[in-house]
Structures are given as C-alpha cells and as structure tokens.
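User: I'm new to this structure and would love a close look at one part of it. Could you walk me through it step by step?
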Amino acid sequence: MMNVRNLFLVRVTQCMVTLIVAGAVTASSAQEMDELWGSRVVKMRADNAERGQLFDEGNYAMFIHWGLYSQLGNRVNGKTYYGIGEWIMNRRMANIPVDQYKELAGTFNPVNFDAKEIVQLAKDAGMKYIVITSKHHDGFAMYHSKACDFNIVDSTPWKTDPMKELSAACQEAGLGFGFYYSHNQDWSFPGGGGGPRVNADGTPATFDDYFVNKCLPQVEEITTEYGPIEIVWFDTPGKMPKEYVEKLVEVVHKNQPGALVSGRAGHNLGDYQTLGDMEVPLSNVDGMWESVDTTNDSWAYAWYDEYWKSPQEILRRLVACVGRGGTYMLNIGPRGDGAVPERAARSLREAGEWIRRYPQVVYGTDASPWQHSLPWGDVVSKGNQLFLTVMEWPTSGELYLPGLKSTVGSAQLLSGDERTPLEHETRNGWTVIKVPARAPEKLASVIEVNLNGQPDVDPSFAVDPNLGVEIHAEFASVAQASKSEKRWMEKFGEWKGTVHVHDWKAEGRASFEVEVLEPGDYNVSLSYAGEGRLVWGVTIEDGEHIQNQQNSSHNYQEFPIGWMNFPEPGKYTLNVSCLEGNLDSASLKTIRIEPIH
C-alpha cells in the first residue's frame with residue numbers, strides 16, 4: 001500500500017464549505033450546498049458491468065439514518081431544534097461540545113432494534129437493498145470499529161454491532177446491503193472536516209491525521225467485515241482533495257468488486273449520479289442516477305416530525321423517479337431505541353402492497369418517452385409496452401395520451417393478475433383510451449398499452465381535457481429574463497428547490513408550448529413569488545392577451561390570471577410576462593391551464 005501520510009500532506013479542514021444559518025438563506029448558500037454535496041456527473045453505466053445490476057434494475061431502496069443523534073430526537077435540554085437531527089451537535093443547531101456529545105454514548109441502549117424486522121419492512125415495501133449510516137458527520141461509528149473506540153460496541157451499554165445483524169438479515173432475505181460513510185466531515189475526531197483543530201496533546205491536527213488514522217481504516221473495515229456490499233454511499237466531499245477520494249474509491253473497488261460508489265464521493269469519481277436531497281426531477285435524466293428522499297421531512301428521527309408521506313405520495317414519487325430513468329432511495333429514521341416509527345412503516349407497507357400487484361411498473365423498466373409526467377400520472381416503458389400509472393382517474397370515461405405517434409395494438413386495464421381489454425381511438429393525433437367510470441385501485445390504477453413498434457412520442461405538453469395541465473418554468477424558453485435553479489431551506493437542512501424565471505426586463509417573457517385537443521375557454525393561473533402587488537400578463541402568440549394584478553409573498557402561491565380562449569385544436573405558444581410592480585423580485589414557478597366545467 002502506498003504511504004498515504006507522505007503522499008497527502010494537505011490540510012483541508014479550513015476548506016470545508018460551511019452551511020448557512022437556518023432562516024438566513026441566500027442565493028450563494030445553495031451554491032455552497034452544491035459544493036458540499038459534490039459536483040454532478042452523468043454516468044452512463046458502471047465501468048464494470050458486474051457492478052450496479054441491482055441498482056439499475058431494482059429502482060427502489062431503503063435509506064436508514066440512525067445514530068447517536070437519534071436518541072435526542074432534536075430535543076436538547078428541553079429545547080426543540082427544528083431541522084435535520086443528524087446535525088444536532090453542529091454549532092448551527094444545538095452546538096453541543098464534542099466531550100458532551102460523546103457522553104451520550106453512555107446512555108445509548110437501543111434495545112428495540114430488530115434487524116430482521118427492518119429487513120422485512122424493506123421487503124414488504126418492495127425495496128431491493130438497504131443503505132445505512134455506518135458513520136455520519138458526528139463521527140460515531142454504528143458498528144464495532146477497531147480504528148476508533150467512539151463506536152456503538154465500545155462506547156455504549158448495548159455492546160452490540162447492529163450492522164452485523166442487519167447484513168446477515170439482508171443476506172438471508174435476499175436483499176442487497178450497503179453503507180453510508182461520511183468521508184470528509186467528522187466533527188469529533190481531530191483533523192476531520194469540521195472537527196477539533198488540535199489533538200489530545202495540544203498539537204495541531206491535520207486532515208491527513210484524520211484520513212490515515214480513522215477514515216481510511218474504517219472504510220477498510222466496512223468493506224471487509226460485513227459480507228457482500230452493493231453500495232458505499234460517501235457524502236459531502238466539500239473541497240476534499242481528489243487524491244484522498246481516489247484512495248477511498250480504490251479501496252471499495254478492491255475489497256468489494258461488485259459494489260458501486262455513490263456520486264457524492266466527489267471529483268466525479270462515483271459510479272453514478274446522486275441528485276440533491278429530496279429532489280425528484282421533472283424531466284428525464286440521462287445515465288445511472290438516484291434520488292434520495294425521506295418518509296417525512298427529516299432524515300434522522302425528530303420527535304416533532306409527524307408529516308409523513310402517504311402511500312400514494314410515496315408511489316407518486318417512486319414512479320416519477322423510475323419514469324425519469326432513475327432509482328428512488330427512501331429514508332426511514334428509527335428512534336433512539338431502534339424502533340421504526342409506526343406511521344412510516346404503515347405507509348411503506350401499503351405502497352409495497354401496490355408494488356407487489358404491479359411489479360412491472362417499478363422493476364427493470366425504462367424511462368417515459370414523454371420525458372415528463374402527464375396530468376393524470378406517469379408512464380414507464382419496457383420495449384414496445386407502456387405502463388400508465390393513473391393517479392387521477394378520469395371521471396369522463398376517457399384517458400388521453402397526447403403526442404403518441406406509434407400505433408396502439410391493444411390496451412388493457414390491469415387489476416392485479418386480471419386484465420380487461422379497453423377500446424381506444426385516435427382523435428386529432430391524440431390517443432384516447434375508453435376507461436370505466438370508477439378506478440379499480442385506491443392508490444393508482446395501471447393500464448398496459450402494447451404498441452406496434454418502439455414508442456415514438458412528441459413530448460410537448462398538452463392540455464388534458466379532463467384535468468388541464470401544469471407546466472413548470474423549467475420547460476420554458478425565456479427572453480429578456482433569466483432561468484435558473486433556486487434552492488431554499490424550509491427548516492435547517494430541509495432543502496426545497498425549483499427552476500424559476502426571474503430577473504425580468506421590461507420586454508421579458510417566458511414562453512410555453514402547449515397542445516390543445518378541445519377548443520374553448522380555459523382558466524389560466526400562475527404560481528409565483530415576489531414583493532408587493534405584481535401585474536402578470538399571458539398572451540397567446542398571435543392571439544388573445546389577458547392580464548391581472550395580484551399580491552405576492554416570498555412563498556410561492558398560485559393566483560388566477562383569467563380565462564383564455566383556444567379557438568381550435570393544435571399547438572399554441574403562450575408568453576408569460578411580468579408587466580408592473582417590483583420586477584426584480586418576481587419569480588415564476590408554474591403556469592396552470594384548466595378546463596372550465
């Protein structure tokens with residue numbers, strides 16, 4: 001092995017990207033978060049074809065954030081800190097000194113942890129592998145580490161290695177297993193990113209001290225002592241020098257030839273792309289990628305957070321990720337005693353029961369040829385087949401597929417293993433499928449469409465005669481205005497984001513192309529943020545113009561602009577402009593066009 005200490009004499013603790021204080025979010029903070037997460041890179045496939053099959057075909061996984069922080073549940077000395085609990089010791093949360101934080105290990109006794117129960121939950125949910133935090137930014141190892149005694153066996157009264165149990169339970173159940181590991185940040189070990197600047201003897205601590213004495217040995221441990229591993233999920237590389245990341249990736253691939261390295265390893269060295277926290281993309285993404293999301297708003301357990309995703313919302317986001325061409329990894333945060341919150345488990349199991357009935361929608365599928373969702377739900381493809389996941393069932397008895405150029409051989413309504421043939425026709429270039437008045441499924445119904453050839457689709461947005469359409473600013477073309485990504489925190493570490501049109505000039509416009517099947521009047525609304533009263537206008541190119549004044553706030557809200565007439569079927573270009581008010585503050589998120597019933 002190369003002499004890492006002599007090779008890497010780089011001190012990077014002062015290069016750490018610092019997160020902003022909650023409630024003081026600026027435009028630069030999102031850029032800093034991007035730097036902390038690491039740059040994105042399109043990975044078409046893993047370099048080694050033996051790696052990534054489960055990731056590429058399974059499409060659904062369980063993430064687990066569980067650690068010393070979980071027993072606090074975001075409450076310290078009677079005060080609740082709102083935000084992501086795994087950051088609780090950080091100075092931007094409870095600011096717990098390292099010595100005091102380490103004392104928590106003496107009371108950490110998660111007697112209700114049951115590895116087989118968690119694995120069964122993942123299996124019931126339809127997930128294909130589990131990735132769990134072996135060491136988060138706090139530096140506490142959730143396994144028996146010989147490299148550092150600040151771990152769950154040596155420092156707690158429980159004296160148990162739950163990762164041994166979880167790995168064995170996954171192997172027994174036929175699920176994949178992987179580890180999260182915070183390779184840059186370590187707030188309790190001298191020299192780690194965000195950690196103490198001096199050693200116990202008072203001498204200066206360097207990042208190299210941390211890397212050689214803790215990080216590298218621990219990555220060796222988790223890749224050699226826990227059986228086969230599907231993924232090592234590194235996180236927040238920040239400005240960690242490339243040479244360190246290269247060494248870690250080399251170790252993973254040497255010890256676990258079948259394992260993938262997450263996109264957040266840094267320096268484009270991961271095997272696939274990882275999107276931002278809680279980000280479900282609106283348009284198809286090339287290559288191998290994953291979205292990481294949570295069952296509520298928190299990663300680690302937070303006592304107050306009872307805003308759980310419903311079974312339908314889980315399915316909506318899962319199918320959206322699969323339909324955009326990616327993998328969805330959904331997090332649970334067990335309590336300090338090791339138990340999984342009951343409401344999270346219930347939603348996962350109910351969604352999993354639907355997946356058991358319709359596995360063809362989730363596993364081994366390809367992205368939607370429409371490249372975005374449709375008003376009633378989403379589409380995945382498999383060869384000449386399309387699977388339509390209908391979340392909003394049409395009460396009119398007709399379901400619309402705009403832009404489908406391929407001819408339809410047959411359409412069938414699925415109900416588990418039962419299939420009911422459906423009539424279909426072409427109307428002004430739209431495929432119209434006749435459906436029953438009532439949906440056969442509570443959460444989402446599935447229609448299988450068999451095409452006479454490969455899918456050929458015009459991905460333009462279309463105004464559904466039943467539901468209309470909502471189009472995000474991401475899909476607009478702009479003139480005399482700017483279009484860019486915008487991120488903000490609702491609570492500390494709870495990231496939200498959108499692509500918005502902003503920086504409006506006097507002649508600025510955001511243009512949206514839409515197709516209309518049924519001519520007539522439609523109600524047009526805009527979702528926007530800003531300051532004070534704003535006047536917005538919407539114009540059909542070479543046609544009608546409407547405008548209206550509404551108030552605004554820093555939160556995005558939807559406001560009606562007025563009725564607009566589309567005189568005949570066909571494609572239209574709509575131009576949206578901010579006409580009066582504080583144009584510098586105006587931020588457009590979506591346009592909605594709804595039929596008037």
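In β18, which residue is the bridge partner of Ala-411?

Analyst: Happy to help! Please keep in mind that this is a predicted model. The bridge partner of Ala-411 in β18 is Val-449. That pair has company: strand β14, residues 408-415, is joined to strand β18, residues 445-451, by 6 bridges, and these two strands run antiparallel.

Now let's step back to the sheet around them. It is an open sheet of 5 strands, and following the order gives β11-β12-β18-β14-β15, with antiparallel pairing. At the edges stand β11 (377-382) and β15 (418-422); each has a single partner strand, so one side of each is left without a neighbour in the sheet. From one strand to the next, the twist averages 25°. A helix joins the picture here: α9, residues 311-323, packs on the sheet and touches β11 and β12 (385-390). The direction of α9 makes about 45° with that of β11.

For a look at helices packing on each other, turn to α5 (residues 115-125) and α10 (residues 342-357). Their axes come within 7 Å and cross at roughly 40°, which makes α5 oblique to α10. On the α5 side, the contact is made by Leu-121, Asp-124 and Ala-125. Helix α10 contributes Ala-345, Leu-348, Arg-349, Gly-352, Glu-353 and Ile-355. By character, the residues of this contact between α5 and α10 divide into 5 nonpolar, 1 polar and 3 charged.

Definitions and conventions: Residues numbered from 1 in each chain as written. Predicted model: local features only at pLDDT ≥ 70, side-chain atom pairs only at ≥ 80, totals over all residues. Heavy atoms only, no water. Pairing = 2+ DSSP bridges. Helix = DSSP H or I, 4+ residues; strand = E, 2+ residues; numbered from the N terminus. Axes fitted to C-alpha atoms, helices over the stretch in contact; angles between N-to-C directions. Contact = heavy atoms within 4.5 Å. Parallel < 35°, antiparallel > 145°, perpendicular 65-115°, else oblique. Nonpolar A, V, L, I, M, F, W, Y, C, P; charged D, E, K, R; others polar.
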